[in-house]
Amino acid sequence: MRYSKEWEKTISRTGRWIDFENDYKTLDPKFMESVWWVFKTLWEKDLVYKGFKVMPYSTACNTPLSNFEAGLDYRDVSDPAVMVSFPIVGCNLGASLVAWTTTPWTLPANLALCVNPNFNYAYVKNPAGKVFVVADARLGSIPGATVKQKGNQNTILTEGWEVLKKVIGSEMKDIRYEPMFTFFTELMRDTAFKVCCDDYVTGDSGTGVVHQAPAYGEDDYRICISNGIIIKGGLLPDPVDVNGCFILPVTVPFSGKHVKTADKDIISAIKDKVSIYHNFQMIFSASVYCFRVFLLMHCT
């Protein structure tokens, strides 16, 4: 308390009013005991549950960051963007959903795909007979699928490409697909690897299909909770340690590598496995940190 009077003077000069004669301090035992009493009371009323919250996270400091801290270090960074195909289980057309992502390192923890329930989606066949599913308005995002034009808003398919059918996004809800990586296949087989619907999927970039890794995105977590893919406070696949490096069940050649270092290996694995692949660099003005789950206690 040596400098308490100086602190009171500074606070008063900034125009903040505090009743210093009747204030409390977090270091006071009575204050700490009052917090424990409140928490105990909430617990006794069954108002406390175990959950997760996705937050900005520093792999260098091994700690979550506040939005203010994360916002202090915005810079232009270059990140790879890839398109990945996910074969639809039991589809008589042999079609694959095509998702676009700028975070390839999150693909080992993929648990779902998300489409916009109000968008039209097209099943389009290429000259080789492969069938891909993307938002109708995003056909031009598939390499080689459309003719590039100036001043014409109508989409013209390249010769040899054919739209087999169109469906509304809501019709694809709960469609099952084969995951790109099998690290969590056995563990999550009963609830994961299906299509979800949400309005957060936009049509101004990508393919209209967004891959979901609930441990690394706020919307991903929200959507997977609401669709029963994971449960609040339950198992959450997160194969990344506090230093931002892959751990089991992720195996060689990704294990032990920092997630951003592993991007190249993941992209190489995608290129070897899938029938559609497109890689290019995206320039973002963003803060350099990884999203990671942080265990919290929440009150309802």
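The exchange below introduces the salt bridges, the nonpolar cores and helix H5 of a predicted model.

In this predicted model, local features need pLDDT of at least 70 and side-chain atom pairs count only at pLDDT 80 or more, while totals for chains, interfaces and linings use all residues. Residues are numbered from 1 along each chain as its sequence is written, and side-chain values use heavy atoms, with hydrogens and water left out.

Colleague: How many salt bridges does the structure hold?

Modeller: Side chains of opposite charge can pair when their charged atoms come close. A salt bridge here is a side-chain nitrogen of Lys or Arg within 4 Å of a carboxyl oxygen of Asp or Glu. By that criterion, the number of salt bridges in the structure is eleven.

Colleague: In which helix do Glu8 and Lys5 both lie?

Modeller: The side chains of Glu8 and Lys5 form a salt bridge, with N and O 3.7 Å apart. An α-helix has 3.6 residues a turn, so residues three or four places apart point the same way. Helices (H or I, at least four residues) and strands (E, at least two) are DSSP runs, numbered from the N terminus. Glu8 and Lys5 are three residues apart, about one turn, and both belong to residues 4-13, which form helix H1.

Colleague: Is Asp198, the partner of Arg222, buried or exposed?

Modeller: Arg222 pairs with Asp198 in a salt bridge whose closest N and O atoms are 2.9 Å apart. Arg222 lies in helix H5 (residues 218-226) and Asp198 in the loop between strand E9 (194-197) and strand E10 (209-212), so this pair ties together parts 24 residues apart in sequence. Buried means under 20% relative accessible area, exposed over 50% and partly exposed in between, using a 1.4 Å probe and protein chains only. Arg222, at 38%, is partly exposed, whereas Asp198, at 17%, counts as buried.

Colleague: Which strands are included in what covers the buried residues of H5?

Modeller: The buried residues of H5 are Asp220, Tyr221, Ile223 and Cys224. Contact means heavy atoms within 4.5 Å. What covers these residues includes strand E1 (48-58), strand E5 (112-115), E9 and E10.

Colleague: Which residues touch the most other members of the largest nonpolar core?

Modeller: A nonpolar core is a set of buried Ala, Val, Leu, Ile, Met, Phe, Trp, Tyr and Cys residues joined through side-chain atoms within 4.5 Å. The largest such core has 57 residues, and those touching the most other members are Tyr121, Tyr123, Met172, Phe246 and Ile266.
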